[in-house]
Amino acid sequence: MNLERLTGPKALARTAQLTEVYRTAFSGPPWYEDGYGTADFAERLTTDVHRPGFAGVLAWHDSIPAGFGTAWPTQSPFPAGRAYDRVRAELGDQVETRLVGALEVDELAVSPHARGQGLAGRILDLLCDGADACWLLTAPKAFDAIRLYERLGWQRLTRPEANIVVFTC
């Protein structure tokens, strides 16, 4: 596996590859993303690459995109919209002290053909390299992702019954 760091312009140049990985990674359970979800990702990417401090990592295996991650520092005040409102509802004022300023891992995706080889951990390591603190979220039904983050040593901030799962490292 080869990992490539992506700046905003590089990520835009790789939109087709990132979108294909997104589609294959999230089309099955528990996500069941359809073509609309994939198109939404591609549209979000064109905005996200312009966020201050945007960073990305794209993994390749035999010239085939296998996984990627995107991240940026969470700005102050803590954002609204997307999943941010649910995070604030669960964590309250902790978002300002624990998440603002930390590197926010927005997307982490590994294609089914590349799973089980430690690729997600390698992408996270490179993406978070140099950050004092990082955070990410996932859905409570994403059992494999939750186990992965726990195995990698990330700490869960939200209650087990929460409707969103937030991890920090």
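Before we start, one term: helices are DSSP runs of H or I of at least four residues, strands are runs of E of at least two, and both are numbered from the N terminus. Keep in mind that this is a predicted model.

**Stop 1: the cavity**

Select Phe-41, Arg-44, Leu-45, Asp-48, Thr-70, Trp-72, Arg-82, Asp-106 and Glu-107, which line the largest cavity. Its volume is about 30 Å³, and a search of the whole structure turns up 1 cavity of 30 Å³ or more. Now colour by element: H3, S3 and S4 each give at least two residues to this lining. Which of them supplies the largest share? That is H3, with 4 residues. Colour by class next, and you will find 5 charged, 3 nonpolar and 1 polar residues around the cavity.

**Stop 2: Thr-38 and Arg-23**

Stay on helix H3 and pick Thr-38. Is Thr-38 buried or exposed? Thr-38 is buried, because its relative accessible area is 9%, and the cut-off for buried is under 20%. Leaving aside neighbours within four places in sequence, show what Thr-38 touches: Thr-19, Tyr-22, Arg-23 and Glu-33.

One of those contacts, Arg-23, takes you into helix H2. Arg-23 is partly exposed, with a relative accessible area of 38%. Draw a distance from Arg-23 to Asp-106, C-alpha to C-alpha: the two are 83 residues apart in sequence and 16 Å apart in space. You met Asp-106 in the cavity lining.

**Stop 3: the nonpolar cores**

In soluble globular proteins, nonpolar side chains tend to be buried together. Here the largest nonpolar core has 28 residues, and Leu-18, Phe-68, Val-87, Leu-99 and Trp-135 touch the most other members. Elements that each supply at least two residues of this core are H2, helix H3 (35-48), strand S2 (55-61), strand S3 (64-73), H4 and helix H5 (94-99). The largest share, 5 residues, comes from H2.

Zoom in on Leu-99. Beyond its neighbours within four places in sequence, Leu-99 contacts Thr-74, Phe-78, Val-87, Leu-91, Gln-94, Trp-135, Leu-157 and Thr-168. Then move to a second, separate core of 25 residues, with Val-105, Ala-114, Tyr-149 and Val-165 among its members.

**Stop 4: helix H7**

Tyr-149 leads on to helix H7 (residues 143-151), where Ala-145, Ile-146, Leu-148 and Tyr-149 are buried. Turn the view to look down the axis of H7: the buried residues fall within an arc of 160 degrees, so they line one face of the helix. On the other side, Phe-143, Asp-144 and Arg-151 are exposed.

What covers the buried residues of H7? Show strand S4 (103-110), helix H6 (119-128), strand S5 (134-138), strand S6 (155-156) and strand S7 (165-168), which are included in that cover. Before leaving, click on Gly-153, just after H7, which has a positive phi of about 95 degrees.

**Stop 5: the largest pocket**

Finally, select Phe-26, Trp-31, Leu-108, Thr-138 and Tyr-149, the residues nearest the centre of the largest pocket among the 48 that line it. The pocket's volume is about 1,300 Å³. Helix H2 (15-26), helix H4 (84-91), S4, H6, S5 and H7 each contribute at least two residues to the lining. By class, the lining holds 28 nonpolar, 12 charged and 8 polar residues.

Conventions. Residues numbered from 1 in each chain as written. Predicted model: local features only at pLDDT ≥ 70, side-chain atom pairs only at ≥ 80, totals over all residues. Heavy atoms only, no water. Buried < 20%, exposed > 50% of the residue type's maximum accessible area, 1.4 Å probe, protein only. Arc of directions from axis to C-beta. Contact = heavy atoms within 4.5 Å. 1 Å grid on protein atoms, 1.4 Å probe; cavity = no way out; pocket = protein on both sides within 12 Å on 5 of 7 lines; lining within 4 Å. Points joined across faces, edges and corners; volume = space filled by probe spheres on them. Nonpolar A, V, L, I, M, F, W, Y, C, P; charged D, E, K, R; others polar. Core = buried A, V, L, I, M, F, W, Y, C linked by side-chain atoms within 4.5 Å.
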